[in-house]
Every structure is written in structure tokens, then in C-alpha cells.
Amino acid sequence: MLIIINEKKAKLSFFSRKAVLTSLFFIFCFFLKVKFVRAANLINNSSFEEGTNNWSSSPSTAVFNVIDTFKHSGQYGALLTKTSSSGAASISQKVSVESGKFYRLSGWVLINDPYINNAKLRFYWLNESGLKILPEAVQIEETLKDSRFQFLETELSLAPENASSAEVQAYVYLEGNPENPAVFDDLIFEEISPSPTLPPPSPTPTLTPSLTPTPKPPSPTPTLKAVYKINKAKDENGEFLSSVKIYVDDNYTHHYDDEVLYFCSGCECYSGVDCSFGEHKISLEKDGYETWQEIRTFNPGDNFEVSPVLKLSQNPSLVSSPTFTPTPRPTITPTLVVTLTAASPSGILAAPDLEENEGSAEGTDSAEIKVLGAEDIKKDINIKPPESKFKKNFLSLGAIGLGGIMIAAAAFSFFKRSGRDKN
């Protein structure tokens, strides 16, 4: 009797195990056949056939318009660039979502210029107040240059519990003035709902009483990063600034403010710019403003957010004033002209005594002195006797002397004759 009872228990135990394993097999097949069903596109004017309607651009230097020369489909594509030489530009649109559901963003982008660093499709989860729930975006990035449109698609993302909308963005980062700007087209933001498809009935498998379960491989440990969110910088008056450069340990990251930096083991914020775990100095610089900086220690899982305020520089660079070289004044060499005039034939010609700061000589002979140039400079004084008057005086004196001699000779002859007559 005891043997019969044990045999019944063994049969019941065998069939119980068989039922459990069969149930598990059907459950496994059910999940294998799960598919995701796409819903309608939540983006308005996703192919830009209505121009720039429903979209907004950022920052103010962004250039956003539609073109018909480059498009993935339809008649138009969206061109996105900047008026300044470098930095980020984006277009965005807010769409409604439901928390607890899956969403995905996809679209087509054309980047074919060396001055385009990268292009992204990304979205942020927003609460009812329109604020970001998480600092990091769900995004997909493309850096490869190609003359054809490239397809980008983010991973599935579950809307957080307090999410009411999502901000969808098409983003481009420039390192110069591209000749061929980036073009976006056919953007899709959609809800992805898991919908099970039941498999057709299959015969019950024949199972052995004992099964050896296949060990599952260990789940990979997720790599945690440190997040450093830099909001758009402002000045002391609360006005937003543009083109504020980001430096890590005094190395330019080729990024501007309103950006998220990630720190992890072996991470680089830009080629050659180390952003691994540990202590780093973050600096923000803009011409005409003092450098904003702080030192942080980054560990796995850290999440920081800063809103920098830059102050005007107290020591602006001096603008050198032009140096005026005085024009040298010409050196004037004064010329002293002295005119001598004889007062009488019997006078003796003599040059008058020249005294400093005097223009005439005293005596019976008059002298006329003319000084050309500065009176206080006595250089190269030339005394020029008046040749015409001198000649006239010389001839007059000669004539007088000759006349005197002739008179004296006549008088001498006269007295000599008178003496002879007396004798």
C-alpha cells in the first residue's frame, strides 16, 4: 500500500513540474513575440512644407529658413546656421506627452561642410511649468560629413512620472562660417506602444522530468557619469550673454554656455581636453568681462547645475592714443645788413660799433642796420657796405683833392712871380 501511494505521489510531482514548465514556456514565447506599434507623429510641420511655422530658433544669431535646393522629401528642407562665426544653433517645438509611455525622435540631416562640428536630434522632458525635469537630453549625434541625407534616431525613452510635454530640438554646432549649412527634414516624434502578438498554438513539448536551467550571463554594470549643466550666462543686469566660451582646466572645449558637460573614466569634452573623474577647474570667458570659474570634484553619479553671472572687466584694455610728433620749426639764419653813409667829404670812413639789440650807430656818420629773422639769434652776420655810395664818395674826394693840388700849384706860381717882380 505504501508503495502504491509513493508511486502516485511521484506521478503527481512529475505532472506538476510538467505543468509549471509548460506555463513558463508559453510566457517566454509571449514575450518573444512582443512588438512595438508606432503612433502618429506628434510634431507639427515636421517636413517644413509650411515654412518655419510652429518652430522657434535659438539664439538670436541663429539663421533658420526653408530652402528648396536641399530636401529629403517634399518641396522644402530646413536650413540652420548662424550669423556669427561659431557656436550652437537650434530649432525647437514643444509637444504633449503622457507619463509612463515610450517615445522616440528620428529624422534626416545633411551636413557636408568642414566648419560643422556636429548635428543632433534631441529632446528634453518638461513638467507642467515648462521646466526641464532632467538636465541631460535624450539625443543622437552625427559628426560624419556626407553629401547625402543621413538618418538619425534616438533610443526609446520612458516619459517620467511628472512629464507633461517634451521639447524637441534639431541642433547644430559650428566652428566657423560654413559654406554649406546644415539641413534637417522629415522629423518624427512619436509614441511607441508595446503590443503583444500571440503566437499560433503549438503542440505541447515533451519534457523530461528534470531540466538543467541555462545560467544567465551577468547583467552589465551601467557606466555612471558625472553631469555638469551650464545654463546660459547673464551679466550683472540679468541680460543673457552670447558667445561665452567654456574652458576645462584652461583648455578650450570648443563649446559655449547653455551646454552639458559629462565626466567619466576616459571621457574627453573635446579632442585632447580631459574630462575624467576627479578635480577640474571650469572657466567661462567673454571679451570685456571678468573670467567666471569654479573648481569641482566629479565622481560617478554627480549632477551639478550652474547659472553663471559675468561681471564687466574693471581693467579694460587701454586704447593707445596717437602720438603727435611736433613738426620742427625751420631754423632762420638772420642776415644783418649794415648801410654806411658818409656825412662829409673830409670825414673818415669807419664802421660803426655794433652793439647787441641795437639797430643804429651814433656819430656824424649814420649807419642803418636791418636784421632779417629772429632778433635773439646772432649767426652768420654779413656786413655789406653800400658799393654805389662808396664809389661816389671816393670820386668826390679825389676830385676835391685834385682841385686842392691845382689851387696850391696856382698859388705857388702866383707868389713866385710876385717875388720876382719885386726884385
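## Strands, sulfurs and salt bridges in a predicted model

Apart from its neighbours within four places in sequence, Leu 134 is in contact with Tyr 124 and Trp 125. The model you are looking at is predicted, and this leucine is a friendly place to enter it. Leu 134 sits in the loop between β7 (116–126) and β8 (138–142). Along the chain, Leu 134 and Tyr 124 are 10 residues apart, and their C-alpha atoms are separated by 7.3 Å. Is Leu 134 buried, partly exposed or exposed? Its relative accessible area is 37%, so Leu 134 counts as partly exposed.

### The chain as a whole

Stepping back, the chain has 24 strands and two helices. It counts 423 residues, and buried residues make up 30% of them. Its exposed surface comes to about 27900 Å², with carbon and sulfur atoms supplying 55% of that area. Contacts also reach along the sequence: taking those between residues at least 6 apart, 69% join residues at least 24 apart.

### A sheet of four strands

Which strands form the open sheet, and in what order? Four of them do, arranged as β15-β14-β19-β20, and the pairing is antiparallel. At the edges lie β15 (251–256) and β20 (292–298), each of which pairs on one side only. On average, neighbouring strands of this sheet are turned by 25 degrees against each other, ignoring direction.

As background, strands of a sheet pair through backbone hydrogen bonds, in either a parallel or an antiparallel way. Here, strand β19 (residues 278–285) and β20 run antiparallel and are joined by seven bridges. To find the register on screen, look for Ile 282, which stands opposite Glu 294 in β20.

### Two disulfides

How many disulfides does the structure hold? There are two, and counting bonded cysteines along the chain, they follow the pattern 1-2, 3-4. A disulfide is a covalent bond between the sulfur atoms of two cysteines.

One disulfide joins Cys 264 to Cys 267, with an S to S distance of 1.5 Å. The link of Cys 264 and Cys 267 is right-handed, with 65 degrees about the S-S bond. Both ends are covered: Cys 264 is buried at a relative accessible area of 7%, and Cys 267 is buried at 14%.

Another disulfide joins Cys 269 to Cys 275, where the S to S distance is 1.7 Å. What is the handedness of the disulfide of Cys 269 and Cys 275? The torsion about its S-S bond is about -110 degrees, so this disulfide is left-handed. Cys 269 counts as buried at 13% relative accessibility, and Cys 275 counts as buried at 0%.

### Salt bridges

The structure holds eight salt bridges. Three of them are set out here, each with the distance between its N and O atoms.

| Salt bridge | N to O distance |
|---|---|
| Glu 98 and Lys 101 | 3.2 Å |
| Lys 120 and Glu 141 | 3.9 Å |
| Arg 148 and Asp 146 | 3.5 Å |

Which parts of the chain does the pair of Lys 120 and Glu 141 tie together? Lys 120 lies in strand β7 and Glu 141 in strand β8, so this pair ties together parts that are 21 residues apart in sequence. These are the strands on either side of the loop that holds Leu 134. Lys 120 counts as buried, because its relative accessibility is 6%, under the 20% cut-off. Its partner Glu 141 is partly exposed, with a relative accessible area of 41%.

The side chains of Arg 148 and Asp 146 also meet in a salt bridge. Here Arg 148 is exposed, with a relative accessible area of 59%, whereas Asp 146 is buried, with 18%. Elsewhere, Glu 98, Lys 101 and Glu 191 are joined into one network by salt bridges that share partners. Within that network, Glu 98 is partly exposed at 46% relative accessibility, and Lys 101 is partly exposed at 27%.

Terms used: Residues numbered from 1 in each chain as written. Predicted model: local features only at pLDDT ≥ 70, side-chain atom pairs only at ≥ 80, totals over all residues. Heavy atoms only, no water. Buried < 20%, exposed > 50% of the residue type's maximum accessible area, 1.4 Å probe, protein only. Contact = heavy atoms within 4.5 Å. Areas by Shrake-Rupley, 256 points an atom, 1.4 Å probe, with all protein chains shown as cover. Pairing = 2+ DSSP bridges. Axes fitted to C-alpha atoms, helices over the stretch in contact; angles between N-to-C directions. Disulfide = S-S within 2.5 Å. Salt bridge = Lys/Arg side-chain N within 4 Å of Asp/Glu carboxyl O.
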